[in-house]
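Trainee: Could you take me through a close look at the largest pocket of this model, and then follow the elements around it outward into the rest of the fold?

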Amino acid sequence: MEDDETFAFASFPLIPAQRILLDDEKPLRLGSRALDILVILVERAGETLPKEQLSLRAWPDRVVDEGALRVHVAALRKALGDGQAGRCYIANIPSRGCISLRR
């Protein structure tokens, strides 16, 4: 990933090197782990990622409970307005234990 690389999905520019997610040119408040998870999902947008893979990348030096991942994904959904006004950016695939980001 380039230092100045910007990803865009829907109306949200994400600048991973600066650890900034914007909405209408205003930074959204996200916790560090939630932002890490978003960067991973954006880098692999359209792919279905197993929860274990997300956890290993977001918490590389720790074993974490699956609940921690759920909490941070819920925070992402809230910040993005996911589920409101027909928006759906983050999809869970319950029977497979996977998560994906839709562009």
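**The largest pocket and its surroundings**

Mentor: In this predicted model, the largest pocket has a volume of about 180 Å³. Its lining is made up of 11 residues, and those that lie nearest the centre are Lys51, Glu52, Ser55, Leu56 and Val64. Two elements give two or more residues to this lining, namely helix H2, which spans 51-58, and helix H3, which spans 66-80. Of the contributors, H2 gives the most, with 4 residues. In chemical character the lining divides into 4 nonpolar, 2 polar and 5 charged residues.

Since H2 gives the most to the lining, that helix deserves a closer reading. Within H2, the residues Lys51, Leu54, Ser55 and Ala58 are buried. Seen down the helix axis, these buried residues fall within an arc of 100°, so they line one face of H2. The general geometry fits this picture, because an α-helix has 3.6 residues a turn, so residues three or four places apart point the same way. On the other side of H2, Glu52 and Leu56 are exposed. It is worth setting this beside the pocket, where Lys51 and Ser55, both buried, and Glu52 and Leu56, both exposed, are among the residues nearest the centre.

The buried residues of H2 pack against four elements: helix H1 (32-43), strand E5 (49-50), H3 and strand E7 (98-101). Two of these partners, E5 and E7, lead into an open sheet of 3 strands, which has the order E5-E7-E6 and antiparallel pairing. The edge strands of that sheet are E5 and E6 (90-93), each of which pairs on one side only. Between E6 and E7 the antiparallel pairing runs over 4 bridges, and Ile93 has Cys98 in E7 as its bridge partner.

Cys98, which lies in strand E7, is a useful residue on which to pause. Its relative accessibility is 5%, and because buried means under 20%, Cys98 counts as buried. Leaving aside residues up to four places away in sequence, Cys98 touches Thr48, Leu49, Pro50, Lys51, Ala91, Asn92 and Ile93. One of these contacts, Lys51, brings us back to the pocket, as Lys51 is among the residues nearest its centre. By contrast, the C-alpha atoms of Cys98 and Gly81, which are 17 residues apart along the chain, are separated by 20 Å.

The model also holds an open sheet of 4 strands, with the order E1-E2-E3-E4 and antiparallel pairing. Here the edge strands are E1 (7-9) and E4 (26-27), each pairing on one side only. E1 and E2, the latter covering residues 12-15, are joined in the antiparallel sense over 3 bridges, and Ala8 stands opposite Pro13 in E2. The hairpin of these two strands has 2 residues between them, and in it Ala10 takes a positive phi near 50°. Moving along the order, E2 and E3 pair in the antiparallel sense over 2 bridges, with Leu21 in E3 as the bridge partner of Leu14. The hairpin of E2 and E3 has 4 residues between the strands, and there Arg19 takes a positive phi near 55°. Finally, E3 (residues 20-23) and E4 run antiparallel and are joined by 2 bridges, with Asp23 standing opposite Lys26 in E4.

Technical notes
Residues are numbered from 1 along each chain as its sequence is written. This is a predicted model: local features need pLDDT of at least 70, side-chain atom pairs count only at pLDDT 80 or more; totals for chains, interfaces and linings use all residues. Side-chain values use heavy atoms; hydrogens and water are left out. On a 1 Å grid over the protein atoms alone, a cavity is a set of points where a 1.4 Å probe fits but cannot get out, and a pocket is an open set with protein on both sides within 12 Å along at least five of seven lines; lining residues have an atom within 4 Å of a point. Grid points are joined across faces, edges and corners, and a volume is the space filled by probe spheres set on the points. Ala, Val, Leu, Ile, Met, Phe, Trp, Tyr, Cys and Pro count as nonpolar, Asp, Glu, Lys and Arg as charged, and the others, Gly among them, as polar. Buried means under 20% relative accessible area, exposed over 50%, partly exposed in between (1.4 Å probe, protein chains only). The arc is that of the directions from the helix axis to the C-beta atoms. Contact means heavy atoms within 4.5 Å. Two strands pair if DSSP finds at least two bridges between them.
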